[in-house]
Amino acid sequence: MARITWMALFVGVVLAVGALGQQEVYYLTGNLREARGVITTDKGAEETVFFGRVGFKVIPSQKGTQLGLIELSLVSKGVGTSSGHTGTLGLNLIDDDIAWYDARLRGGSFAPRMVLHYALIDQLQGFQTLGTQGEDDAFLPFTEGMAGKLTLRLPEGLQLRDKGSSTAEMELAFDLSSSVLGLVKRVAVSLRFSLEWTRLVSPTLVLKVQPVFIGSGPLDPARTGTAWDTLMSYARVLWARCGSVRCITFSVNPPLYLNKPAYKVLETLDEASALLGEVEVVDAVEVFVVSRMDYVCRTGGGSCYSAGTASAKIVTCDQQLAVPNPCPCPDYCPSTCPPCPPCQTGRVNLYHLAHELGHALNLAHPSGPSGSLAASTPRSIMEPSGFCCDNPAVQSAKNCRNFSNPLLHWGYAVCSGSPDIRD
Ligand SMILES: [Zn+2]
């Protein structure tokens, strides 16, 4: 008798979970290309062209259809100000915003809060560092805030669809709400574009990466970048484990070659800063690969500048896979990076680029100050490790939920991986 009761309860729970699991969730996502807009600075209004992405979660219910704004970014090559050209300018959504579908509007009206950053802020204000004990590899930009309105209009008679596209109209206007330089006052864009429908899962987010090697070209026997293929393949493996949470992948441009041999060995942070200024690819995170960095003990052999923004750039070295013997920083090896003997040499830092890309994706170290960066998980890939140990080959659901960068765009990939840590 008891057995029958438990069986009935079990079937009831399964049915209830099944019903919940069948909750209708649709996604409407689109990449913005060649979107004409106006940036108003202290010098006046200037027209510019934006690219970016937008994503909505669409949830029908008995009360009506809920629209959740889950992704929004705008990136421009920048405009002039009284203090110089802004350089790459990016806006990124801070947190989700929800509106009810309004049949009269044929859409919804949102009040998003955005992070604003442009390269001129870094040039005039410099960076903050995380101040992590023994390793300071994330250079945090000062950022500003914008608040405003987004109005979405969809075709007449909203029909939820599993696939296919709808033409949408969107108007965006943001005003400066918190400032560092305060040179950019307002951003306004109005556009017609195509949104793609998917059901249950949103499409993949893609981050474009631009490797930059030092040398005359691919046939130069002394060129840098020998560690690149290995570092990038381990980064792909680690971030593919976000698949079941929020799918992300990397699209890698062919390498650019910078024929300036003096950059092969970086001796100071100033040399690294000069190298960063040599190449600017607006829609990608540039990764400069030198031969060695003689200040590796402080940074773990690589650093991410302007972490989390459209201006993010990484500097790293081929020595990640050839840590010299004796190891140059035997006094620092944190207990939080298992397994970690006092000192390792040789092919050590396989997951180093995966870690730096995490900073480019706005993730902080799990402990210590995080500045404007988002939280990450202890003992995951975002744990700092120093130059003589690798970052943990561990992905977490929290890292996957929290990553962001204005350069992310929608694409397609197979997302079958799962995080090692569920939160
Ligand atoms: Zn780090």
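How many of the residues of helix α6 (residues 352-360) are buried? In this predicted model, the answer is 9 of its 9 residues, and the helix is accordingly described as mostly covered. A residue is counted as buried here if 20 or more other C-beta atoms lie within 10 Å of its own. The residues of α6 that meet this criterion are His352, Leu353, Ala354, His355, Glu356, Leu357, Gly358, His359 and Ala360.

The surroundings of the helix may be considered next. The buried residues of α6 pack against two helices, α3 (228-240) and α7 (397-402). They also pack against the strands β11 (138-140), β19 (285-290), β21 (302-305) and β22 (313-317). Just after α6, the backbone at Asn362 adopts a positive phi of about 75°.

A further part of the structure to examine is formed by strands β1, β2 and β3. Strand β1 (residues 26-41) runs antiparallel to strand β2 (residues 44-61), and 14 bridges join the two. Within this pairing, Asn31 is located opposite Arg53 of β2. The two strands form a hairpin, with 2 residues between β1 and β2.

Strand β2 also pairs with strand β3 (residues 64-76), again in the antiparallel sense, over 12 bridges. Here Gly55 has Glu71 in β3 as its bridge partner. The connection from β2 to β3 is likewise a hairpin, made through 2 residues. Strand β2 is thus paired with β1 and with β3. When inspecting side chains in such an arrangement, the reader may recall a general rule: in a regular strand, side chains alternate between the two faces of the sheet.

Notes: Residues numbered from 1 in each chain as written. Predicted model: local features only at pLDDT ≥ 70, side-chain atom pairs only at ≥ 80, totals over all residues. Pairing = 2+ DSSP bridges. Helix = DSSP H or I, 4+ residues; strand = E, 2+ residues; numbered from the N terminus. Buried ≥ 20, exposed ≤ 12 C-beta atoms within 10 Å, placed from the backbone. Contact = placed C-beta atoms within 7 Å.
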